[in-house]
Amino acid sequence: MSATRVGPHANVNRQFKLAARPVGLPKESDFTLVDAPMPTVGDGQVLVKTAYLSVDPYMRGRITGIRTYADPVNIGDVMEAGTVGEVVESKFPGLAPGDFVHSNWGWQEYAALPGKSVRKLDPKLAPVSTALGVLGMPGMTAYFGFLDICKPQSGETVVVSGAAGAVGSLVGQIAKIQGCRAIGIAGADDKVNWMTKELGFDGAFNYKTTADYSAKLKELCPKGIDCYFDNVGGKITDTVLGLMNGFGRVSICGQISQYNLEKPEPGPRILGLVLVKQLKVEGFIVSRFVNRWAEGITQMAKWLAEGKIKHREDVVQGFENTVRAFIGMLQGENTGKMLVKV
Ligand SMILES: NC(=O)c1ccc[n+]([C@@H]2O[C@H](COP(=O)([O-])OP(=O)(O)OC[C@H]3O[C@@H](n4cnc5c(N)ncnc54)[C@H](OP(=O)(O)O)[C@@H]3O)[C@@H](O)[C@H]2O)c1
């Protein structure tokens with residue numbers, strides 16, 4: 001059997017490839033939409049049809065051309081991304097047409113992959129899109145990056161930046177499960193309302209309309225801050241660090257406020273503060289926890305089923321809108337996990 005398509009894109013595999021290295025905020029012209037031939041399936045492989053693909057902040061780092069903790073995407077390469085799709089043809093014994101799988105085949109509509117390189121999903125357990133969000137990489141980032149690094153104790157105060165996004169919205173809720181006071185920082189009033197009225201955060205504020213972050217944080221954190229989960233860096237983080245309690249723990253997850261800058265922003269020298277407050281400040285990349293993935297997914301799925309964790313997916317319709325979704329996510333258009341439904 002071969003996958004045939006009808007309509008204007010019959011028998012082509014549409015792909016987004018990197019066309020130029022972005023300067024500042026990426027532009028649509030930094031990517032090109034190309035019609036590639038439909039991939040053919042070799043022995044031990046499956047042909048998958050993309051159902052959902054992910055747009056994530058880390059992708060901004062991959063397209064700068066600089067090796068960070070991973071190789072960059074080269075000009076002319078299909079853009080790298082987490083993906084979920086349906087098997088439409090199989091030459092791999094463990095998978096059959098109709099099965100849903102997760103892997104990282106990037107921004108394209110079809111891919112032929114080794115069957116052993118994909119993870120089979122159970123659509124009865126949770127919608128398959130959750131493999132890119134709460135039960136996938138962002139969920140594991142929240143779970144391990146917060147619990148392992150901050151080691152929160154009941155009664156402590158936890159501040160989360162980027163708090164209405166895929167990772168941050170989960171961190172605040174995990175903090176509540178641990179018996180902590182959870183305070184979120186995000187860039188829109190409806191995000192603040194979502195956190196405080198639906199997710200159970202004890203307080204939140206809009207950093208775009210709040211003039212004095214320090215005064216606001218003092219009001220929301222009367223006992224100071226014990227744990228800080230940092231998704232954004234910049235001025236927000238400079239302010240939070242100044243309000244940490246002695247022996248506080250800081251998990252450096254992301255620095256999104258800096259990703260589109262051409263030159264690093266000068267910051268305060270914080271090591272004196274780290275010294276006198278005896279802070280533990282630790283960065284992490286979620287792949288560090290890959291051997292414990294099953295533990296994290298099981299716990300998150302349990303909390304989800306018990307209603308202790310809520311999640312939201314911001315779904316953009318149509319493969320052709322992938323780049324717009326990516327740029328929109330970098331600008332804060334999403335609440336919860338930004339996905340593209342292909
Ligand atoms: N360490 C790891 O292994 C790992 C893994 C996954 C993600 N991360 C990091 O975690 C962070 C969140 O990722 P995510 O997938 O959950 O994305 P997300 O929060 O769902 O989406 C990105 C959000 O960043 C916020 N933002 C954009 N520019 C900002 C700025 N200048 N200042 C403050 N906030 C800004 C926007 O929300 P607002 O409306 O609030 O501005 C936007 O919605 C990112 O920094 C990402 O790089 C790290």
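Here are four short exercises, with worked solutions, on this predicted model.

**Exercise 1. The ligand's surroundings**

Work out which residues come nearest to the ligand, and which of its oxygen atoms' polar partners can be named.

*Solution.* Start with the shell: 26 residues stand around the ligand, and Lys 191, Tyr 207, Tyr 259, Val 286 and Asn 334 come nearest.

Next, look for N or O partners within 3.5 Å. The side chain of Lys 191 has an N or O atom 2.6 Å from an oxygen atom of the ligand. Val 167 offers a polar backbone atom at 2.8 Å from a ligand oxygen, and a polar backbone atom of Val 286 lies 2.7 Å from an oxygen of the ligand. Now turn to the surface: the ligand taken alone exposes 900 Å², and the protein buries 90% of that.

Then ask which elements contribute: helix 2 (137-150) and helix 9 (322-330) give two or more residues each to the shell. Finally, sort the shell by class, which gives 15 nonpolar, 10 polar and 1 charged residues.

**Exercise 2. Strand partners**

Find the strands that pair with strand 5, and name a facing residue for each pairing.

*Solution.* Begin with strand 4 (residues 83-90), which pairs with strand 5 (residues 100-103) in the antiparallel sense over 4 bridges. Here Glu 86 stands opposite Phe 100 of strand 5.

Move on to strand 7 (residues 119-120): its pairing with strand 5 is also antiparallel, over 2 bridges. In this case His 102 stands opposite Arg 119 of strand 7.

**Exercise 3. An enclosed space**

Count the cavities of 30 Å³ or more, then describe the lining of the largest cavity.

*Solution.* The count comes to 1 cavity. About 70 Å³ of space lies in the largest cavity. Its lining includes Gly 133, Val 134 and Pro 138, along with Gly 165, Ala 166, Ser 169 and Leu 170. Further along the chain, His 311, Arg 312, Glu 313, Gly 336 and Lys 337 line the cavity too. Sorted by class, the lining has 4 nonpolar, 5 polar and 3 charged residues.

**Exercise 4. An open space**

Decide which element gives the most residues to the lining of the second largest pocket.

*Solution.* First take the pocket itself, which holds about 220 Å³ of space. Its lining has 16 residues, and Gly 234, Thr 237, Asp 238, Gln 255 and Pro 268 lie nearest the centre.

Now assign the lining to elements: helix 6 (234-242) and strand 12 (244-252) each supply at least two residues. Helix 6 gives the most, with 4 residues. To finish, the classes are 7 nonpolar, 6 polar and 3 charged.

Key:
Residues numbered from 1 in each chain as written. Predicted model: local features only at pLDDT ≥ 70, side-chain atom pairs only at ≥ 80, totals over all residues. Heavy atoms only, no water. Near = heavy atom within 4 Å. Polar contact = N/O pair within 3.5 Å; in protein donor to acceptor, adjacent residues only side chain to side chain. Areas by Shrake-Rupley, 256 points an atom, 1.4 Å probe, with all protein chains shown as cover. Nonpolar A, V, L, I, M, F, W, Y, C, P; charged D, E, K, R; others polar. Pairing = 2+ DSSP bridges. 1 Å grid on protein atoms, 1.4 Å probe; cavity = no way out; pocket = protein on both sides within 12 Å on 5 of 7 lines; lining within 4 Å. Points joined across faces, edges and corners; volume = space filled by probe spheres on them.
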